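Thank you all for coming. Please have the sequence and the model open while I talk, since I will move from one place to another.

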Amino acid sequence: MCGIIGYTGKGKAAQIMLDALELLEYRGYDSAGIALLNQGHTQILKSAGRVKDLRKLYAGQKPDGQCGIGHTRWATHGGVCDKNAHPHRFGRITLIHNGIIENYRELIEKYHLQGKLESETDTEVVAAVVERFYTGDPYSALRRTVLKLKGTFALAVLFDDQPDKIFAVRNVSPIVAAVTDGGAMLSSDVAAIVPYTQDYFVVPEFHVVSLSPEGIELFDLSGDREEIEWMKADWDVGKSGKEGYPFYMEKEIMEQPDAVRETILPRIRNGKPDFSQEGIPDEMFVDCKRICVIACGTAMHAGLVGKSLIQAMIGIHVDVVMASEFMYNDPVVDKETLVIAISQSGETIDTLEALKFARKCGSPSISIVNVKGASIARASEYVVYTNAGPEIAVASTKAYTTQLAVLYLLTARMAMARNLWDEKKLTGYMQELSRVPEVMEQVLKTKEEIHRLAGVILNAKDVFMIGRGLDYSILLEGSLKLKEVSYIHSEAYASGELKHGTIALITEDTPVIAVVTQDKLKSKELSNIREVQSRGARVLLLIKENEALEEGQEWSCVYRLPKMEDSFMVMPASVVLQLIAYYVSLDKGLDVDKPRNLAKVVTVE
Ligand code: M6R
């Protein structure tokens, strides 16, 4: 959480940083601030609120400088107010931070900082410790400081007497850095860097990096210089803008056919699933006795769909574990458990820690990640990148469907490696998978119709979503989407579970969204729907086109989904659920892309 940026060079640091902070704002948007270092003088501008508020502050003062650091905050220690906004300053040190310093209270005691700090943050304490150790050598001060810190951190630091230089160091929380035309930049992620260059590197943990207009230097904690491992971002710069859509969420929903295409096409060779570019050996798929998927939020919901596919088609047991709970349930993973970690950002700390634990237990691992070079990608044995491009809206959409696309491919490869399917079955499955983008396009063409459907729940206080099997899995995601962007309370229930308690909440006019896409479950699902209708519920039904409905059953609305083979129906149905959530949020006049209290990248436990 929190976005950090640093720039030094020929350009106007403040403008560059403000633009970058807007691109990083999805990481946290409680407050924002910048510091500019100019001829030994550091000026800080910061305030609670959004980057646009910081821009106003800047317009009033227009401080000069070609070197600076900037921050957009998701509060952990200390409430949301001007004084807790970053940057923080102590003596000659100005600093921004992403992460949590767990031992900050001990540090306050140890270095007698009581009464000397202005904010309630753990970050200011770090600035004070750096100041304590600073005797003219920034590397030494940072080395000594980080050895005292417990927790996670990405720190970017200005020293008053180190003109034009930014220093940075990290543990777990990410920092990437790049040389730009006439300068150098660092950032929490590549989103802020790609407008300037495609070449960047991930700052290794516990290394000190220094940026100057002349370039970048990297040192390990013993002070030895290290070679930089450069990477290339393949994100299209143009794709970072809204391109005429009012919100990124809509743009990203609309991009799904292309994103899925980009994800599956490079992994189909001669009509068969192929992971040779990732180097994944078939033994991995053959030798495992069970699979454990670890992920959070939407990525975890993608895992649930993967579980249904793999159990049904491969016949091996799959657990899907919320990464945030993984460590607290005495996880049983071993060398026969294939661990699949799923994460859009590749930085979710719970997923990262769970993955590291599983690897220590000897589990082979594959991660499904969207951001190249992210921590989870680097911590797993093999990585399959979803080629979704930058996902900026906090609510995940195209990352989810591309994660599903990878899970479909992995399932097919596993079936192939285990000789489970004949040629005909494999060909049919792969042809159906290849059809997903065009089917999604068909749904997207009906977005105005879906907008009207969304009107049915616009003023609802509670919404229930019911379905069975795969339909239930995607409703969990549909419900999360609705909650996070519209603030309407909603619950997804396995329809068969309703009678065990929840049906007590269904009364006259309760809105219920029901998804019925699985032939083998249809009759049971429809009778569960009758049960809620008998209690007065208004049901919005998503069902396959041409599917017969009994006379006499009343529907609030029926949306006809383009038909695919049952196991692929989650793809068109998910798009409809995403659009419903989006339009409800839009029509309520909410900030769709930045729902309250949330951040795009969750790097604290
Ligand atoms: O970056 P990750 O995929 O690891 O993020 C996991 C969740 O935090 C994320 O999916 C979250 O649930 C989204 N806000 C949902 O839209």
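**The pocket, the ligand and the cavities**

Let me begin with the lining of the largest pocket, whose residues divide into 16 nonpolar, 12 polar and 4 charged; here Ala, Val, Leu, Ile, Met, Phe, Trp, Tyr, Cys and Pro count as nonpolar, Asp, Glu, Lys and Arg as charged, and the others, Gly among them, as polar. Before going on, I should say that this is a predicted model, in which local features need pLDDT of at least 70 and side-chain atom pairs count only at pLDDT 80 or more, while totals for chains, interfaces and linings use all residues. Residues are numbered from 1 along each chain as its sequence is written, and side-chain values use heavy atoms, with hydrogens and water left out.

About 650 Å³ of space lies in this largest pocket, and of the 32 residues that line it, Cys296, Gly297, Thr298, Lys600 and Val602 are the closest to its centre. A pocket, on a 1 Å grid over the protein atoms alone, is an open set of points with protein on both sides within 12 Å along at least five of seven lines, whereas a cavity is a set where a 1.4 Å probe fits but cannot get out, and lining residues have an atom within 4 Å of a point. Helix H9 gives the most to the pocket lining, with 5 residues; helices (H or I, at least four residues) and strands (E, at least two) are DSSP runs, numbered from the N terminus.

What takes up the space of the largest pocket? The ligand does, in the sense that more than half of its atoms lie within 2 Å of the grid points. Around the ligand there are 15 residues, of which Ser343, Gln344, Ser345, Thr348 and Glu484 come nearest, where being near requires a heavy atom within 4 Å. Helix H9 (297-313) and helix H16 (470-486) each supply at least two residues of this shell, and by class the shell has 6 nonpolar, 7 polar and 2 charged residues.

Turning to individual atoms, an N or O atom in the side chain of Thr348 is 2.4 Å from an oxygen atom of the ligand, and a polar side-chain atom of Lys481 lies 2.9 Å from a ligand oxygen atom. With Val394 it is a backbone N or O atom that lies 3.2 Å from a nitrogen atom of the ligand. On its own the ligand has 410 Å² of accessible area, and the protein covers 89% of that.

How many cavities of 30 Å³ or more are there? The count comes to 4, and the largest has a volume of about 180 Å³, a volume being the space filled by probe spheres set on grid points that are joined across faces, edges and corners. This largest cavity is lined by 23 residues, with Ser188, Asp189, Ser345, Glu347 and Val371 nearest its centre, and its lining has 12 nonpolar, 4 polar and 7 charged residues.

The second largest cavity holds about 100 Å³ of space and is lined by 15 residues, including Cys2, Trp74, Thr76, His86 and Gly99, which lie nearest its centre. Strand S6 gives the most to this lining, with 3 residues.

To finish with the backbone, the peptide bond from His86 to Pro87 is cis, with omega near 0°, and Pro87 is found in the loop between strand S4 (67-73) and strand S5 (88-90). His112, although not a glycine, has a positive phi of about 50°.

Technical notes:
Polar contact = N/O pair within 3.5 Å; in protein donor to acceptor, adjacent residues only side chain to side chain. Areas by Shrake-Rupley, 256 points an atom, 1.4 Å probe, with all protein chains shown as cover.
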